[in-house]
Amino acid sequence: MFNNFPLWPERASSIAGHVDALYIFLLIVSGLMLALIFVCLVFFAARFRARPGVLAEQIEGSMPLELTWSIIPMFVFLAIFVWGAVVFFKERTPPRDATEVYVVAKQWMWKLEHSEGQREINQLHVPVGRDVKLIMTSQDVIHSFYVPAFRIKQDVLPGRYTTLWFRATKPGTYHLFCAEYCGSQHSGMVGDIVVQEPAEYETWMNGGSSGPLSASGEQMFTQLGCSTCHRADGQGRGPNLHGVFGHPVKMLDGRSVIADENYLRECILDPGSKHLVGYAPIMPTFQGLVSEEQLNALVAYIKSLSGDKIDDKTGTPGNKMSAESPQPQGNQSKGNQAPGNQAEGSQVN
């Protein structure tokens with residue numbers, strides 16, 4: 001019923017209804033409280049106004065009244081908090097099988113790349129009814145990815161990844177804005193989300209691609225010499241990366257951290273900040289040597305290795321290696337270990 005209401009954006013995502021319901025509830029509660037306060041104000045102003053010959057009387061407090069206007073609002077606020085928390089976690093927890101799209105924000109455009117390799121600028125094509133996860137970073141300043149029709153907004157920060165997901169429910173073209181002031185041309189940092197029927201989307205997807213993003217990452221991985229240390233057979237000076245993503249890895253200080261996108265990003269740009277048990281800290285930094293797009297490709301490639309199964313002895317497809325303890329595999333003796341592997345408590349990323 002809000003389609004013709006000019007101040008109400010179109011509702012076109014699975015989360016939009018939940019956000020709208022909470023927002024409407026807040027408006028109703030706020031409106032009722034405003035009306036109640038206004039009515040009480042007018043009543044008491046008229047009832048207890050100063051009148052000639054009438055002396056003011058001291059009015060004592062009422063415990064039942066005090067409890068009533070304290071307990072009822074408390075339960076109302078608790079209901080708002082719980083409802084808001086449910087919507088928040090629903091909005092911030094992407095489904096495991098969501099299609100991934102990498103987003104790089106810069107002054108003043110949105111650069112997007114699908115896992116299949118298609119690249120877009122200021123436009124994102126997605127199929128209706130499919131979960132889409134956005135993995136976003138900024139090339140310069142803070143931006144904010146905002147789609148009013150989907151009721152989603154997420155700050156996009158330099159130096160790290162932030163994520164956002166949605167499931168479009170209606171075909172159409174929807175506005176994309178930057179909701180964070182990012183410079184003199186901030187108002188021009190706009191774009192479109194194009195939601196298509198599955199068949200139409202497949203036609204668009206087959207229209208041309210340079211290959212999967214993970215394949216580009218694999219080429220970059222080889223060109224940068226990463227494959228000489230991060231060998232699949234576990235005999236390199238760095239940990240085997242097969243099966244690492246999404247699993248805990250052990251730090252030298254005893255902590256276990258989950259190898260997510262930000263972990264991989266930090267390991268590539270600032271390897272000295274992550275000290276893995278069993279590897280010497282000899283990995284060079286690639287800060288300034290790879291662009292944000294190349295970094296996205298490297299992360300996508302390492303993530304793709306999490307589904308591979310590598311035989312522990314031969315390095316060929318077989319049993320999946322454990323990501324809990326990414327230690328070198330094989331039967332090397334202490335005398336002929338590769339440099340950097342004999343230092344207990346050292347690592348390379």
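**Backbone exceptions and the setting of helix α4**

N122 is found in the loop that runs between β3 (119-121) and β4 (123-127). The model is a predicted one.

**Exercise 1.** Determine what is unusual about the phi of N122, and classify the residue as buried, partly exposed or exposed.

*Solution.* Step 1: the reference case is that most residues other than glycine have a negative phi. Step 2: N122 is not a glycine, yet its phi is positive, at about 60°. Step 3: the relative accessibility of N122 is 24%. Buried requires under 20% and exposed over 50%, so N122 counts as partly exposed.

**Exercise 2.** Carry out the analysis for R151: state the sign of its phi, its location, and whether it is buried or exposed.

*Solution.* Step 1: R151 has a positive phi near 60°, in a residue other than glycine. Step 2: R151 lies in the loop connecting β6 (143-147) with β7 (152-156). Step 3: its relative accessible area is 13%. The limit for buried is under 20%, and R151 is therefore buried.

**Exercise 3.** Identify the residues joined by a cis peptide bond, and locate W108 among the strands.

*Solution.* Step 1: most peptide bonds are trans. Step 2: the bond between Q107 and W108 is cis, with omega at about 0°. Step 3: W108 belongs to the loop between β1 (99-106) and β2 (109-114).

**Exercise 4.** Describe how helix α4 (residues 213-223) and helix α7 (residues 292-304) are arranged, and characterise their contact.

*Solution.* Step 1: the two axes come within 7 Å and cross at roughly 100°. Step 2: angles of 65 to 115 degrees count as roughly perpendicular, so α4 is roughly perpendicular to α7. Step 3: α4 contributes L213, S214, S216, G217, E218, M220 and F221, while α7 contributes Q294, N296, A297, L298, A300, Y301 and S304. Step 4: by type, the contact residues of α4 and α7 comprise 7 nonpolar, 6 polar and 1 charged.

**Exercise 5.** Establish which residues of α4 are buried, why they line one face of the helix, and what covers them.

*Solution.* Step 1: the buried residues in α4 are L213, G217, M220 and F221. Step 2: viewed down the axis of α4, the buried residues fall within an arc of 105°, so they line one face of the helix. Step 3: the face turned away from this buried side carries the exposed residues Q219 and Q223. Step 4: the elements covering the buried residues of α4 include β1, β2, α5 (226-229) and α7. Step 5: just after α4, G225 adopts a positive phi of about 80°.

Notes. Residues are numbered from 1 along each chain as its sequence is written. This is a predicted model: local features need pLDDT of at least 70, side-chain atom pairs count only at pLDDT 80 or more; totals for chains, interfaces and linings use all residues. Side-chain values use heavy atoms; hydrogens and water are left out. Helices (H or I, at least four residues) and strands (E, at least two) are DSSP runs, numbered from the N terminus. Buried means under 20% relative accessible area, exposed over 50%, partly exposed in between (1.4 Å probe, protein chains only). Axes are lines fitted to C-alpha atoms, for helices over the stretch in contact, and angles run from 0 to 180 degrees between N-to-C directions. Angles under 35 degrees count as roughly parallel, over 145 as roughly antiparallel, 65 to 115 as roughly perpendicular and the rest as oblique. Contact means heavy atoms within 4.5 Å. Ala, Val, Leu, Ile, Met, Phe, Trp, Tyr, Cys and Pro count as nonpolar, Asp, Glu, Lys and Arg as charged, and the others, Gly among them, as polar. The arc is that of the directions from the helix axis to the C-beta atoms.
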